[in-house]
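Okay, hi everyone, thanks for having me. I'd like to walk you through one protein chain, so please have the viewer open and follow along.

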Amino acid sequence: GFNCGIVGLPNVGKSTLFNALTATATAQAANYPFCTIEPNVGRVAVPDPRLDKLVEIGKSQRKVPTSLEFVDIAGLVRGASRGEGLGNQFLANIREVDAIIHVLRCFEDDDITHVEGGVDPVRDAEIIETELMLADLDSLEKRVPNLEKRARNRDAEATAQLAVIAPLMEALREGRPARTAIPKGEEETVRRLQLMTSKPVLYVCNVEEDSAATGNAFSARVQARAAAEGAAVVIVSAAIEAEVSQLEDDERREFLEGLGLSDSGLDRVIAAGYGLLGLRTYFTVGPKEARAWTITDGTKAPQAAAVIHNDFERGFIACETIAFDDYVRYEGEAGAKDAGRLRVEGRDYVVQDGDILLFRFNV
Ligand code: GDP
C-alpha cells in the first residue's frame with residue numbers, strides 16, 4: 001500500500017488530524033510536545049463518488065473502497081537533524097513514507113503552547129524543511145566516498161549514482177529541497193535514495209473553526225509560499241474534523257453546511273494525498289461487490305491484476321475493459337457490450353483511471 005506521513009512541529013494539530021482521519025482514539029491529542037512517540041499508522045478509505053455510482057448500476061451488494069495509509073509521526077523540533085527532540089527516530093520514520101503531509105499551525109490559542117513562541121506557519125515550514133534538508137545532505141555526503149571509490153574501479157552503477165546525486169547535493173547546499181533537482185528520468189533512482197525532501201509534499205493549514213471555509217491571513221501566506229513551490233495546500237480545522245468524524249453521514253452533511261463547507265476537510269486531505277502520490281483507480285464490479293483498486297500512473301494490465309492477486313499476473317491472458325463514462329452511459333456491462341464499448345485488451349494495455357476491468361487468466 002501507499003502511505004502519507006503527517007509531520008509538523010509539536011502542538012500544530014497533527015494528532016488531532018490523524019485521529020479524525022482514522023476516527024480512533026489511539027493517537028491521543030495532548031497539550032505537550034512529544035505526546036505521539038510511536039508512529040501511529042491508520043488505514044483510511046478513499047472516498048470516490050464513482051464507486052457509489054457503480055454499486056447502483058451494478059446492483060452490487062457491497063461497496064469496497066480503496067485505501068490509503070496515514071502515519072502520524074512524532075513532533076520534530078529545531079535541531080532534529082543534529083539529534084534534538086526525537087531527532088533520528090523521527091527522521092527514520094519520514095524516510096519510509098511515500099509522501100509528506102506537513103501540518104502547519106494557523107490558529108491562535110494562548111492555552112496551547114507554541115514551541116517557537118508564536119504563530120508563524122511560514123517560519124515553521126522553513127524550520128522543518130531545513131532540518132529535513134540538512135539530514136538529506138548528511139545522508140548523501142556519507143555515501144559519496146564509497147561511491148567514488150567504486151567509480152574509480154570502473155563500477156558503472158556507482159558512476160551513474162554519483163551523476164544523479166551531484167545535482168541533489170548542489171540543491172541541498174543552496175537551501176533547496178531535493179525534489180527541485182531530480183534529473184529527468186531518474187525518479188526511481190532518486191526514490192531509492194530515500195531522501196525526505198525528494199518526496200512530494202502537501203501543506204495542511206490548521207485554522208480555527210471560524211476560518212475553516214475561508215482560510216485566514218496565516219493560511220494565505222502559506223498558500224503564497226506553496227504556489228511559488230508548486231505545492232498543494234488544503235485548509236482544515238482539525239478541531240472541526242475531530243467533531244465531524246464522530247457524526248453519521250446525514251448529521252455530518254448538515255453540520256458542514258451550517259459552517260459553510262461543501263465537503264469535509266478530511267475528504268479533501270485524503271483526495272489530495274492520493275493525488276500527491278500520482279495514484280489512479282480502477283474498478284471491478286460484480287453482484288457481490290463493487291470495488292476500487294489503486295495503481296500508479298502508467299501501470300499495465302498484468303501488473304494491475306497483481307494488485308488483486310499475484311496469480312492474476314502470472315496467469316494473465318487478457319482483460320475486458322469498459323471506461324467509466326461508457327459504463328454509466330450504457331447502464332452497465334451488458335449495455336456497454338451491446339454498444340461496442342467493451343474492449344478486450346492484452347498485456348501491454350496501460351490501465352486508465354476509472355476503467356472497469358474483468359481479468360481473464362489461467363490458474
Ligand atoms: P500535535 O502535537 O501536532 O500532534 O498536536 P495535537 O493534535 O496533539 O494538538 C495539540 C493541542 O492543540 C491539543 O490540545 C489540541 O486540542 C489543540 N488543537 C488542535 N487543533 C486545534 C485547532 O484547530 N484549534 C484549537 N484552538 N486548538 C487545536
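Let's begin with how the chain is connected. Of the contacts in the protein chain with a separation of 6 or more, 68% are between residues 24 or more positions apart. One thing to keep in mind as we go: this is a predicted model.

Now the overall picture. The protein chain has 14 helices and 12 strands. Along the principal axes, its C-alpha atoms fill a box of roughly 65 × 65 × 35 Å. What about the radius of gyration? For 363 residues, a compact globule would come in near 21 Å, and the protein chain has 23 Å, which agrees. As for burial, 37% of the 363 residues count as buried.

Next, the domains. The chain is split into domain 1, residues 3-276, and domain 2, residues 298-361. How far apart are the C-alpha centres of the two? They lie 33 Å apart. The contact between them takes 4 residues from domain 1 and 6 residues from domain 2. If you sort the domain 1 side of that contact by class, you get 1 nonpolar, 2 charged and 1 polar.

Let's look inside. The largest nonpolar core has 65 residues, and those with the most contacts inside it are Ile 6, Leu 104, Tyr 203, Val 204 and Cys 205. There is also a second, separate core of 21 residues, and Cys 319, Tyr 327, Ile 356 and Leu 357 are among them. Go back to Leu 104 for a second and click on it. Leaving out residues up to four places away in sequence, Leu 104 touches, among others, Gly 8, Val 12, Pro 121 and Val 222. Tyr 203, Val 204 and Cys 205 are also on the contact list of Leu 104.

Okay, now my favourite bit, helix α1. Is this helix enclosed or exposed? Helix α1 runs over residues 14-22, and 9 of its 9 residues are buried, so it is largely enclosed by the rest of the structure. The buried residues include Lys 14, Phe 18 and Leu 21. Two more residues to check are Ser 15, which sits in α1, and Thr 16, also found in α1. Ser 15 counts as buried because it has 25 C-beta neighbours inside 10 Å. Thr 16 is buried too, with 23 other C-beta atoms within 10 Å. Just past the end of the helix, Ala 23 takes a positive phi of about 45 degrees.

There's a record to go with that region. UniProt, in an unreviewed entry, places a "binding site" feature at Asn 11, Val 12, Gly 13, Lys 14, Ser 15 and Thr 16.

Last stop, further along the chain. The unreviewed UniProt entry also has the annotation "domain: TGS", covering residues 278-361. Over that stretch the chain is 30% helix and 37% strand, and the end C-alpha atoms are 28 Å apart.

Let's pick out Leu 279, which is found in strand β8, residues 279-285. Why does Leu 279 count as partly exposed? Because it has 19 C-beta neighbours inside 10 Å, and a residue needs 20 or more to be buried. Setting aside neighbours within four places in sequence, Leu 279 is in contact with Phe 2, Tyr 274, Thr 294 and Thr 296. And if you'd like a distance to try yourselves, the C-alpha atoms of Leu 279 and Arg 150 are separated by 36 Å, with the two residues 129 apart along the chain.

That's my tour, thanks for listening!

Methods: Residues numbered from 1 in each chain as written. Predicted model: local features only at pLDDT ≥ 70, side-chain atom pairs only at ≥ 80, totals over all residues. Helix = DSSP H or I, 4+ residues; strand = E, 2+ residues; numbered from the N terminus. Rg over C-alpha atoms; globule rule 2.2 N^0.38 Å. Buried ≥ 20, exposed ≤ 12 C-beta atoms within 10 Å, placed from the backbone. Contact = placed C-beta atoms within 7 Å. Core = buried A, V, L, I, M, F, W, Y, C linked by C-beta atoms within 7 Å. Domains from an automatic or database assignment. Nonpolar A, V, L, I, M, F, W, Y, C, P; charged D, E, K, R; others polar. UniProt positions renumbered as here; feature names shortened; annotations may be inferred.
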